[in-house]
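Open the model in your viewer and set it to cartoon. The stops below say what to select next and what is there.

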Amino acid sequence: MPTRGPAGRPDRGGTLRIARPPASDAETLDPASALSAYEYLGALYNRLVRIGPDGTVAPDLAESWEPDAKATTWTFRLRRGVTFHDGRAFTSADAAYTLRHILDTATASPQAPVLSPLIDPKRLRTPDAHTLVVPLKSPHAEFPSLLTHYNCYVVPDGSARSIGRTGIGTGPFRLASFAAAGPGRVTAYPDHWAGRPVLDAIDFYSVADMQARSGALLAGQVDLLSQTNLDFATARVIAASDRATIARAENAQWYVLPMLTTEKPFTDVRVRQAMKLAYDPEHILKAALQGAGTAGWDNPVPPNDPAHTAAHPAHDPEKARHLLKKAGYERLAVDLYTSSYDPIFTPMALAYQESAGRAGIRIRVKTAAADSYYTQIWMKKPLMATYWYTGRPVDQLLNQVFRGGSSYNETAWADKEFDALLDRARRETDTGRRRELYGQAQTLVIERGGAITPMFADRLVGISRKVRGYAEHGFEFDYLRIGLKGA
């Protein structure tokens, strides 16, 4: 299986055709409230900061940023000479407006619960056209990392009512057409501040079925499959074809078997610990992904994140048996829900069933309908399969997915010591000490939390053999340099 896409430089021009899963009729180009239009957002907009390939915060529309001594006020120095697609100059007023738009309750932004405890929109300051000052309600030494989220793309001042249709941003492409849950097109913006993109245009097609998307690639009808992690068998067929091949986004997704900690038997921390000790992550990685990824060892922080801690308990079926006996669940039998929503869910569930069986745990794998999986199963059944995209900075990841009371906390786990560690980490201005605190928080997730995290998966991306310059990590996609040979 290839580890990367075709090498070499693309030719200038041409149209890249991308097939993506369809979204709902409510799909919007407003970054603040968007839930699925990742491909459009990355092409049309920029953020103040982004995540670099090494996992650290990198410049985008902000060239630099610095906190005060206590990390309670952050000052961002903005790029000059940047224009929106309608010709307007980008200024600090647009940056401040973007934050206010996210925080506006009428916007219903998924990022608002992350930023609203920190930012009072009335206190934002713009001392000049190229400076944004963000006073915080409480110290946060990792605050810029929260602005790398895909809901934080910068929009023009005053554009709330129209931005969902116009898509006017500062990105390398500008909108030509867009239909919610349907096709769309973006064209190169020649005045982009980082230079004109290689491509002339990108066409987006909505194709519901993964096999249909793969078939379109093999037939030469599209050039790239987005938001699609191919199963290994399909990836092998594509890699062996004359028209298409496979590229990889390393550790692009983390797969989870969330245990609802509010439902028996998972209310007992000993049962949660046993469920983790009972299985071998290396076995699941091999069985479900044929090794195309990294063992997770129940830590959701990716191994390439600078804050990742590698320490974890070893696979120990006998200790798992002992814990279950002490908890009164010596013959534990539980249902594990999966579906065809993602091709990895069922292989992962079956591999876990086999591995945990060696510790005496009987797993009954139940297949649910894909179209209602995230409304009827996710966060409702005590044990099920799901996944997340990596690319979230450690502070956002731990607070959004694991802090008690968070709307994205899929295990409903609440631990006061864990929450206090996150608060201390935010106040800590020493980088080394702050990483130690995030490391301690990861240890609590591993030892007490409800998330079984067997593996990080390389996303196997189907691309045409004509594609050159493909580069992707997390939610970051290089729209400037991707192109086609023989365009």
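One convention first: an angle over 145 degrees between two helices counts as roughly antiparallel. Keep in mind that this is a predicted model.

**Stop 1: α8 and α10**

Select helix α8 (269-277) and helix α10, residues 317-327. They pack at an angle of about 160 degrees, and their axes are 8 Å apart. By the cut-off of 145 degrees, α8 and α10 are therefore roughly antiparallel to each other. The crossing of α8 past α10 is left-handed.

Now show side chains. From α8, pick Arg-270, Val-271, Gln-273, Ala-274 and Leu-277. They meet Pro-317, Lys-319, Ala-320, Leu-323, Leu-324, Lys-326 and Ala-327 in α10. Coloured by class, this contact has eight nonpolar, one polar and three charged residues.

**Stop 2: α8 and α15**

Keep α8 and add helix α15, residues 431-448. How do their axes cross? They come within 8 Å and cross at roughly 95 degrees. That makes α8 roughly perpendicular to α15.

On the α8 side, select Val-269, Arg-272, Gln-273 and Lys-276. On the α15 side, take Val-445, Ile-446, Glu-447 and Arg-448. The class count here is three nonpolar, one polar and four charged residues. Gln-273 belongs to this contact, and it is also among the α8 residues that meet α10.

**Stop 3: a cis peptide bond**

Step back to the loop between β12 (244-258) and α8. Pro-265 sits there. Select it with Lys-264: the peptide bond joining them is cis, with omega about 5 degrees.

**Stop 4: α13 and α14**

Move to helix α13, residues 394-402, and helix α14, residues 416-427. Their packing angle is about 150 degrees, with the axes 11 Å apart. That makes α13 roughly antiparallel to α14. α13 passes α14 in a left-handed crossing.

Which residues of α13 meet α14? Select Asp-395, Leu-398, Asn-399 and Phe-402. Their counterparts in α14 are Phe-418, Leu-422 and Arg-426. By class, the contact has four nonpolar, one polar and two charged residues.

**Stop 5: the four-stranded sheet**

Next, a sheet. Select β4, β5, β7 and β6, in that order: they form an open sheet of four strands with antiparallel pairing. The edge strands are β4 (62-67) and β6 (125-128), and each pairs on one side only. On average, neighbouring strands are turned by 20 degrees against each other, direction ignored.

Helix α2, residues 92-103, packs on this sheet. It touches β5, β6 and β7, and its direction makes about 30 degrees with that of β7.

Zoom in on β4 and β5. Five bridges join them, and the two strands run antiparallel. Trp-65 stands opposite Phe-76 in β5. Together β4 and β5 form a hairpin with five residues between them. Click Ala-71 in the turn: its phi is positive, about 60 degrees.

Then shift to the other pairing of β5. Strand β5 (residues 73-78) and strand β7 (residues 131-135) run antiparallel and are joined by five bridges. Here Thr-75 stands opposite Val-133 in β7. As you look along the strands, remember that side chains in a regular strand alternate between the two faces of the sheet.

**Stop 6: the loop after α2**

Follow the chain into the loop between α2 and α3 (112-115), where Ala-108 lies. Ala-108 has a positive phi of about 55 degrees although it is not a glycine.

**Stop 7: β10 and its partners**

Select strand β10, residues 201-206, with strand β1, residues 15-20. Six bridges join the two, and they run parallel. Ala-19 has Tyr-205 in β10 as its bridge partner.

Add strand β9, residues 184-188. β9 and β10 pair in the antiparallel sense over four bridges. The bridge partner of Val-186 is Ile-202 in β10.

**Last stop: the annotated domain**

Finish with residues 57-396. An unreviewed UniProt entry places the feature "domain: Solute-binding protein family" there. Over this range the chain is 27% helix and 23% strand. Mark the end C-alpha atoms of the range: they are 13 Å apart.

Terms used. Residues numbered from 1 in each chain as written. Predicted model: local features only at pLDDT ≥ 70, side-chain atom pairs only at ≥ 80, totals over all residues. Heavy atoms only, no water. UniProt positions renumbered as here; feature names shortened; annotations may be inferred. Pairing = 2+ DSSP bridges. Axes fitted to C-alpha atoms, helices over the stretch in contact; angles between N-to-C directions. Contact = heavy atoms within 4.5 Å. Parallel < 35°, antiparallel > 145°, perpendicular 65-115°, else oblique. Left-handed = near helix turned anticlockwise from the far one by under 90°. Nonpolar A, V, L, I, M, F, W, Y, C, P; charged D, E, K, R; others polar.
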